Amino acid sequence: QVLLVESGGGLVQPGGSLRLSCVASGSIFKFREMGWYRQAPEKQRELVAGITGGITNYADSVKGRFTISGDHAKNTIYLEMNSLRPEDTAVYYCNGEIEIDSYGSTWYGWGQGTQVTVSS
């Protein structure tokens, strides 16, 4: 099994920055695809940024402001968020598709989420 644990959320003023971290632990053989999603109150969960084999993709609303990256040695992915706006307020979730053995067995799941609030 795999466990994803997010951290780094909090309250920040508009224009500020935060860095979210997601640490994966457990039976990890290889990361296939990792991503950050967010869900604002009364809205659907949406993809913010993803990373697969070093290739990244972003929602249009965060392009140029957010950066996703990974540190395989630490089994961690990050989401650097700059120029934050009130509309970025949401619970941010880490999502992963991870191979857990050399036979290609795959685990797919979510972290518990971390709250990001952008407000003055």
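Cys22 and Cys94 are both buried. The two residues form a disulfide, with their sulfur atoms 2.1 Å apart. This is a predicted model, and a search of the whole structure finds 1 disulfide. The link joins distant parts of the chain: Cys22 lies in strand β3 and Cys94 in strand β9, 72 residues apart. The torsion about the S-S bond is -75 degrees, which makes the link of Cys22 and Cys94 left-handed.

Both cysteines also appear among the contacts of Glu6. Glu6 sits in strand β1. Glu6 is buried yet has no salt bridge. The nearest side chain of opposite charge belongs to Arg45, 7.5 Å away. The side chain of Glu6 instead has backbone partners. One is the backbone nitrogen of Gln112, 2.9 Å from a polar atom of the Glu6 side chain. Another is the backbone nitrogen of Gly113, reached at 2.9 Å. Neighbours within four places in sequence aside, Glu6 is in contact with Ser21, Cys22, Trp36, Tyr92, Tyr93, Cys94, Gly111, Gln112, Gly113 and Thr114.

Trp36 and Tyr92 lead on to the nonpolar interior. In soluble globular proteins, nonpolar side chains tend to be buried together. The largest nonpolar core holds 28 residues. Leu4, Trp36, Leu79, Met81 and Tyr92 touch the most other members. Eight elements need naming here. Strands β1 (2-7), β3 (18-26), β4 (30-39) and β5 (46-52) are among those that give two or more residues to this core. So are β7 (66-71), β8 (76-81), β9 (90-99) and β11 (114-118). Leu79 shows how such a residue is surrounded. Neighbours within four places in sequence aside, Leu79 is in contact with Leu18, Arg19, Leu20, Trp36, Val48, Ala49, Phe66, Thr67, Ile68 and Tyr92.

Phe66 is one of these contacts of Leu79. Phe66 lies in strand β7. Phe66 counts as buried because its relative accessible area is 3%, under the 20% limit. Residues up to four places away in sequence aside, Phe66 touches Arg38, Val48, Tyr58, Leu79, Glu80, Met81, Asn82, Leu84, Asp88 and Tyr92. The C-alpha atoms of Phe66 and Asn82 are 6.0 Å apart, while the two residues are 16 apart in sequence.

Arg38 and Asp88, both touched by Phe66, carry opposite charges. Side chains of opposite charge can pair when their charged atoms come close. The side chains of Arg38 and Asp88 meet in a salt bridge, 2.9 Å from N to O. Arg38 lies in strand β4 and Asp88 in the loop between β8 and β9, so the salt bridge ties together parts that are 50 residues apart in sequence. Arg38 is buried, at a relative accessible area of 5%. Asp88 is buried as well, at 0% relative accessibility. A network of salt bridges links Arg38, Glu46, Arg65 and Asp88. The count for the model comes to 6 salt bridges.

Arg32 takes part in salt bridges with Glu97 and with Glu99. The Glu97 and Arg32 side chains meet at 3.2 Å, N to O. Glu97 is in strand β9 and Arg32 in strand β4, 65 residues apart. For the Glu99 and Arg32 pair, the closest N and O atoms are 2.9 Å apart. Glu99 also belongs to strand β9, and 67 residues separate Glu99 from Arg32 in strand β4. Accessibility was computed for each of the three residues. Arg32 is partly exposed, at 33% relative accessibility. Glu97 is partly exposed, at 24%. Glu99 counts as buried because its relative accessibility is 12%, under the 20% limit.

The backbone has its own points of note. Most residues other than glycine have a negative phi. Asn75 has a positive phi, near 50 degrees. Asn75 lies in the loop between β7 and β8. At 24% relative accessibility, Asn75 is partly exposed. Ser83 likewise has a positive phi, near 50 degrees. The loop between β8 and β9 holds Ser83, and the same loop holds Asp88. Ser83 is partly exposed, at 40% relative accessibility.

Key. Residues numbered from 1 in each chain as written. Predicted model: local features only at pLDDT ≥ 70, side-chain atom pairs only at ≥ 80, totals over all residues. Heavy atoms only, no water. Core = buried A, V, L, I, M, F, W, Y, C linked by side-chain atoms within 4.5 Å. Buried < 20%, exposed > 50% of the residue type's maximum accessible area, 1.4 Å probe, protein only. Helix = DSSP H or I, 4+ residues; strand = E, 2+ residues; numbered from the N terminus. Contact = heavy atoms within 4.5 Å. Salt bridge = Lys/Arg side-chain N within 4 Å of Asp/Glu carboxyl O. Disulfide = S-S within 2.5 Å. Polar contact = N/O pair within 3.5 Å; in protein donor to acceptor, adjacent residues only side chain to side chain.
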